[in-house]
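The exercises below are meant to be worked through with the sequence and the coordinates side by side. Try each task before reading the solution that follows.

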Amino acid sequence: MKNKPLTVDELWQLERIGNPSLAPDGAQAVAAVSRYSMADNKSQSALWLFSTLGGDARALTACGDKDGQPRWSPRGDRIAFIAKREQQGAKDEVPQLYLIAPDGGEAQRAATVATGVEAFRWCPDGKRLLFVSWVWPGLKGDKAQAKRAQEFKERKETGYATSEAQYRFWDHQLPLERVPHLHLLELGRDGSAGRVRDLFEGTPYEIRRADPDADCFDVSPDGKRVVFTFDPAPEKRIDNRFALAEMDIKSGRVSVIARDADWDFSAPRYSPDGERVAFIASHQGRKHTMPGHVAVWYRDEERWEVLSEAWDHDVQAPLAWEDDGLALLLRAEQRGRQHLWRFDLPDRRAEVVVAGGTVQAFDKAAGTLVTLADAADHPGRLHAHLPGDAPQRIEGLNDTLLARHAFGRVEEVWLKGAATAEGVEPDDVQMWLVYPPDFDAKKKYPLLHLIHGGPHTAFGDGWHYRWNTQVFAAQGYVVACVNYHGSSGFGYAFLDSITHRWGQLETVDVEAATDWLLKKPWADKRRVFASGGSYGGFMVAWMNGHVPAGRYAAYICHAGCFDWTGMFADDAYTWHAKELGAWYWDDMARIHSQSPHAAADAMTTPTLVVHGALDYRVPDAQGLAYYNTLKARGIDARLLWFPDENHWVLKPRNSKQWYGEFFGWLSRHDPGPAKARKR
């Protein structure tokens, strides 16, 4: 039945494709594919192979405990990946590195690392790998680390005692008294488990503590050196500025190659000849909202320079060199879409290689490019891009399920929003509209704002599992997603315009969008709702105290910031003064002028408040305080609190409950379609 609306259950039946890795000859890509079970309330993932030459896709591993991060070896004879498995009677307690032949067979554990494996890269010889593991920095040798890991596992105490400024991130405590080090794994001659060496042992160096990944380091083409980012500050903080260093792998000698107190460096990549390092540089000394630019370090001149400063885009990791060493492939947002770009280094000019939708990931080998991209009307898809040929889909994992559904039309509109200063013309603001699948302009429809978080992100032409616009539209709403002032992808001035005055310009933009929508003959003026998560949750809480009562029938606040003083309990507290303009102890009036709780006396609109106990970016006390405030004031409110969820809602059954409460709240406060007037 083609016109069946997309439901939450079917949303969770979709298979989710991870980042692809191409074989050296470009003939096949490997990616992790995740599947979710509503019945078991769990997810599993397996590795799949996708032919770029027209062959059928096939599973390489059976669905297990999250096989992930696959990478082809430089020789193409093996694929390395990270997983927790049981092998030879030993079950992994922490993620380990595994190897498997591309033609199948049993995956073999590459080494047993007591402290686990976070991320890795192959060395060019295909005989060694570099990986990240959290270790106790004062210990020497694998045996000492393994002994300490066992002692920590068997401890009876549960307290987390620290003097660190950075001790948790998003939804997890950082490993107690441990730091992320780079390790070298030398495989045995037969590919068996080999010797592991901590490259940072006895040094002050470490990889970043906030989710260290493979973008933090790279291996030189000759396999002799590794470049990595490190925090030179003695006290590690989430907003510190990172430098670049290079290590000679054999001797362990380290040279700092790029360091500037005003700049933050990330995502280093060696050029094909190893004589340059491309990286992303952000001028944090100028302002904390500055974008990331393409920069290059030159070995022969021992200097670095920024090359894309004139290109008003925020460059995203990873960077990938073209084979000729004259250009880089990279992703960057532009006006609600995320493209894959080619940045020409001699001309310092960028051009779109693959247009979004939203290009989520890419890889290139032997002239073949593979991309993972989604859009508002479909989840992630893999395409192969061969020279001279049109892009070709190389999988159809979700096509059968999606073919049963009709999707709502997606429309991009522009309207006049806020003016950034008195006497200045209002800026143009983008809004995405998603209509119900059976939309009829002669009928009346309720309106639903989805207000994005960040604030320096954007709603784009992309698929979203937690806030899926098609699922919302299938319920009969015209869904509006406004890229308000502060959103990314519209130039730096637009992004930075809200700094030190949160809530003001954004509200003007959302209200202008509501005015625009209410002029449409199909808009039901009595059935207007607004919802948002994270900064979007802040926005609906702010609007509750600053928008006239009755404008919106109800609000939904997910993981929203409510009180900027109480928010100091979050994991990113060192950014507060940068964003708000002052520390709360220096200028409480300024903080309160941007805090929703300070306008609680004006709040009247019914609100559903949603929060997770494991949310460390917006601690759940924010949601509880907002809910309690509404209840104390006698305002209709409902609380959905998850003891086992973080900033997001990731478990299938919890997500189903989330959508159910969401739609239930809207229905409860929906006065219903207006009755047609008799003539």
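**Exercise 1.** Which residue takes a positive phi in the hairpin of β2 and β3, and how many residues lie between the strands?

*Solution.* The structure is a predicted model, and the strands are located before the turn is examined. Strand β2 covers residues 21–22 and pairs with β3 in the antiparallel sense, over 2 bridges. Within this pairing, L22 stands opposite A29 of β3. The hairpin has 5 residues between its strands, and G26 is the residue with a positive phi, near 75 degrees.

**Exercise 2.** Describe the other antiparallel pairings of β3, with β1 and with β4.

*Solution.* Begin with β1 (residues 16–17), which pairs in the antiparallel sense with β3 (residues 28–37) over 2 bridges; here I17 stands opposite V33. Then turn to β4 (residues 42–51), which is antiparallel to β3 and joined to it by 10 bridges. One of the bridge partners in β4 is S43, which is matched with Y36. The hairpin of β3 and β4 has 4 residues between the strands, and in it N41 takes a positive phi near 60 degrees.

**Exercise 3.** In what order do the strands of the open sheet that holds β12 and β17 follow one another, and which are the edge strands?

*Solution.* The order of this open sheet of 4 strands is β12-β13-β16-β17, with antiparallel pairing. Its edge strands are β12 (119–122) and β17 (195–198), each of which pairs on one side only. Neighbouring strands are turned against each other by 25 degrees on average, direction ignored. At one edge, β16 (residues 179–186) pairs with β17 over 4 bridges in the antiparallel sense, and L185 has V196 in β17 as its bridge partner.

**Exercise 4.** Is R189 buried or exposed?

*Solution.* First place the residue: R189 lies in the loop between β16 and β17. Its relative accessible area is 93%, and the cut-off for exposed is over 50%, so R189 counts as exposed. As a check on distance, the C-alpha atoms of R189 and F490 are 52 Å apart in space, while the two residues are 301 residues apart in sequence.

**Exercise 5.** Which strands form the edges of the open sheet with the order β18-β19-β20-β21?

*Solution.* The 4 strands of this open sheet pair in the antiparallel sense, and the edges are β18 (217–219) and β21 (254–258), each pairing on one side only. From one strand to the next, the twist averages 25 degrees. The antiparallel strands β18 and β19 (residues 225–230) are joined by 3 bridges, and in β19 the bridge partner of D218 is V227.

Notes. Residues are numbered from 1 along each chain as its sequence is written. This is a predicted model: local features need pLDDT of at least 70, side-chain atom pairs count only at pLDDT 80 or more; totals for chains, interfaces and linings use all residues. Side-chain values use heavy atoms; hydrogens and water are left out. Two strands pair if DSSP finds at least two bridges between them. Axes are lines fitted to C-alpha atoms, for helices over the stretch in contact, and angles run from 0 to 180 degrees between N-to-C directions. Buried means under 20% relative accessible area, exposed over 50%, partly exposed in between (1.4 Å probe, protein chains only).
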